[in-house]
Amino acid sequence: MKDLTQGSIPKHLISMALPMMIGMLIQTLYFIVDLYFVGKLGPAALAGLSLAGNAMFLIFALTQILNVSTAALISHAVGAKNKIDANITFNQSMMVSTVVGVIVCILGYFGAEVYLNLISQDVETVKMGLAYLHWFIPCMALQFIMVSISSALRGTGVVKPTMVIQTLSILLNIILSPILIAGWGSGYAMGIAGAGFASSLSVIFAVVLLCYYVITTDKYVSVDFSLWRINVPRIKKLLAIGLPAGGEFFLMFVYMAAIYWLIKPFGADAQAAFGLGSRIMQALFLPAMAIAFAAPAIAGQNFGAQNYQRVRESFKWTAIMTCSLMAIILLICLTQAELLLTHFTNDREVIFISVAFLQVICWNFVPAGLVFTCSGMFQALGNTMPALLSTATRLITFILPALWLSKQDSFQIEQLWYISVATVCIQALVSFYFLKQEFKKRLSADNSSNENSDEMTKNKLIS
């Protein structure tokens, strides 16, 4: 367990974010390897990978419920020095993640084809997406256990072991991808299915190592099957914090699916270009997101310890760091967009559409950094409903004008990117407003304590 209620907040942010950033940067390499080999299979394969990969937003929505709530409740327990409460949360999270993972696996195999047919009218794209998903579904199901363990460790201030394990897992994926996709060394190329199979094998490897680490190492939280009996009050706490955060990612899934549906008339090239650009964008976001992911544990422990001024400082430093990183990424996309894309496809139409996407969408990167920061603070305070409301605001302000434009004869795909930029700016303003209100309500004790301290100082001076 690492005490985050003392010491420099920027130093804590960097020390916690750095291992996660290294892991995420290696994960970026994993994205690049996947895109490189699948992109060589043609636009239909690239579009199929993108459409199937969008299903991960739905999985992120479900895992985020446990990710946010487990880390928040355990960080509060650690701040309050309550080890028993932390272990109840951890074991209930593990129990729920196991059950949900099994359900997701079953539903995935039955619903994959329906989902793909809904957002694509290209037969070859659907075929490719289905081939990928059939091998990728185990990876999605196992995300739940992996998230429960990693978020519990993060709540106690421990991130290095998780980073090391995830890094090893990603390196395994990178090694397996060319072997399974292109048949390097084996002579048997699985094509796009190999990408899904490589991901599943690497996640199995990570889950086994994480479970071994938790079981064999004496940590603040540990597996105790006697605590796996259904604890309704604790599950309600997990859901109260996690559901709004999960809802936030679910709305992102709806947002992405809506774009794929809206650009369906432009063909497989447009869907492939959007998918490629989105993956590049997500990969570039990872360093900034590492900072945002580190913030809830730091602010959460200080909130649990009632060090409210340090909660405010956590927000300030997180906002500075994430927005600065996002500004750098903006400049990269404005000046080097084509260079980022040409290694993954030779199709000029796909590259042209994707470059246009990145050069417009990059203007929402800095406000997106503020959104990430605010979401992290909501998680730390144990109230993620404002983050859900701000995401809902973005979805509504995007969907309504986008649907109207799609019915016009002059509809162009670039119009969707401009609307997206505007709606992220609106979301950032809404998130910041909600966070100011949340600070005023939940950190008011800080003001009263300061007032009492000032009063005591004044009385001493008078006496």
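Trainee: Is A270 buried or exposed?
Mentor: This is a predicted model, so its values are computed from predicted coordinates. The cut-off for buried is under 20% relative accessible area. A270 has a relative accessible area of 1%, so A270 is buried.

Trainee: Which helix holds A270?
Mentor: Look at residues 268–304. That stretch is one helix, and A270 is found in it. The helix is α8.

Trainee: Which residues does A270 touch, not counting residues up to four places away in sequence?
Mentor: Set the sequence neighbours aside. Contact here means heavy atoms within 4.5 Å. The residues that A270 then touches are I263, I353 and I413.

Trainee: What distance separates the C-alpha atoms of A270 and I351?
Mentor: Along the chain, the two residues are 81 residues apart. In space, their C-alpha atoms are separated by 9.7 Å.

Trainee: How far apart in space are K237 and T345, C-alpha to C-alpha?
Mentor: K237 sits in helix α7, residues 232–262. In sequence, K237 and T345 are 108 residues apart. C-alpha to C-alpha, their separation in space is 47 Å.

Trainee: What is the relative accessible area of K237?
Mentor: Partly exposed covers the range between the buried limit of 20% and the exposed limit of 50%. K237 is partly exposed, because its relative accessible area is 44%.

Trainee: Which backbone oxygen does the side chain of N87 reach?
Mentor: Start with the setting: N87 lies in helix α3, residues 83–119. At 10% relative accessibility, N87 counts as buried. Beyond its neighbours within four places in sequence, N87 is in contact with Y220, V221, S222 and L227. At 3.0 Å, its side chain reaches the backbone oxygen of Y220.

Trainee: Where is Q92, and which backbone oxygen lies 2.6 Å from a polar atom of its side chain?
Mentor: Q92 is also placed in helix α3. One backbone oxygen, that of L227, lies 2.7 Å from a polar atom of the Q92 side chain. The one at 2.6 Å belongs to R229.

Trainee: What is the relative accessibility of Q92?
Mentor: Consider its surroundings, leaving aside neighbours within four places in sequence. Q92 is in contact with L227, W228, R229, I230, N231, R234, I235 and L238. Q92 counts as buried, because its relative accessibility is 1%.

Trainee: Which residue other than glycine has a positive phi near 60°?
Mentor: Check the loop between α2 (43–79) and α3. The residue placed there is exposed, at 53% relative accessibility. With a positive phi near 60°, this residue is K81.

Trainee: How many helices does the protein have?
Mentor: From the N terminus on, every element in the run is α. The strand count is zero. The helix count is 14.

Trainee: What is the radius of gyration of the protein?
Mentor: For 463 residues, the globule rule gives 23 Å. The protein comes close to that value, so it is as compact as a globular protein of that length. Along its principal axes, the C-alpha trace spans about 80 × 50 × 35 Å. The radius of gyration is 23 Å.

Trainee: Among contacts between residues at least 6 apart in sequence, what share joins residues at least 24 apart?
Mentor: First, the burial: buried residues make up 58% of the 463 residues. Then take the contacts between residues at least 6 apart in sequence. The share joining residues at least 24 apart is 85%.

Trainee: How far apart do the centres of the positive and negative side chains lie?
Mentor: Count the two sets: 27 positive and 21 negative side chains. Their centres lie apart by 10 Å.

Definitions and conventions. Residues are numbered from 1 along each chain as its sequence is written. This is a predicted model: local features need pLDDT of at least 70, side-chain atom pairs count only at pLDDT 80 or more; totals for chains, interfaces and linings use all residues. Side-chain values use heavy atoms; hydrogens and water are left out. Helices (H or I, at least four residues) and strands (E, at least two) are DSSP runs, numbered from the N terminus. The radius of gyration is taken over C-alpha atoms; the globule rule is 2.2 Å times the number of residues to the power 0.38. Buried means under 20% relative accessible area, exposed over 50%, partly exposed in between (1.4 Å probe, protein chains only). Lys and Arg count as positive and Asp and Glu as negative; His and the chain ends are not counted. The place of a charge is taken as NZ of Lys, CZ of Arg, CG of Asp or CD of Glu. A polar contact is a pair of N or O atoms within 3.5 Å; within protein, one must be able to donate a hydrogen and the other to accept it, and residues adjacent in sequence count only if both atoms are side-chain atoms.
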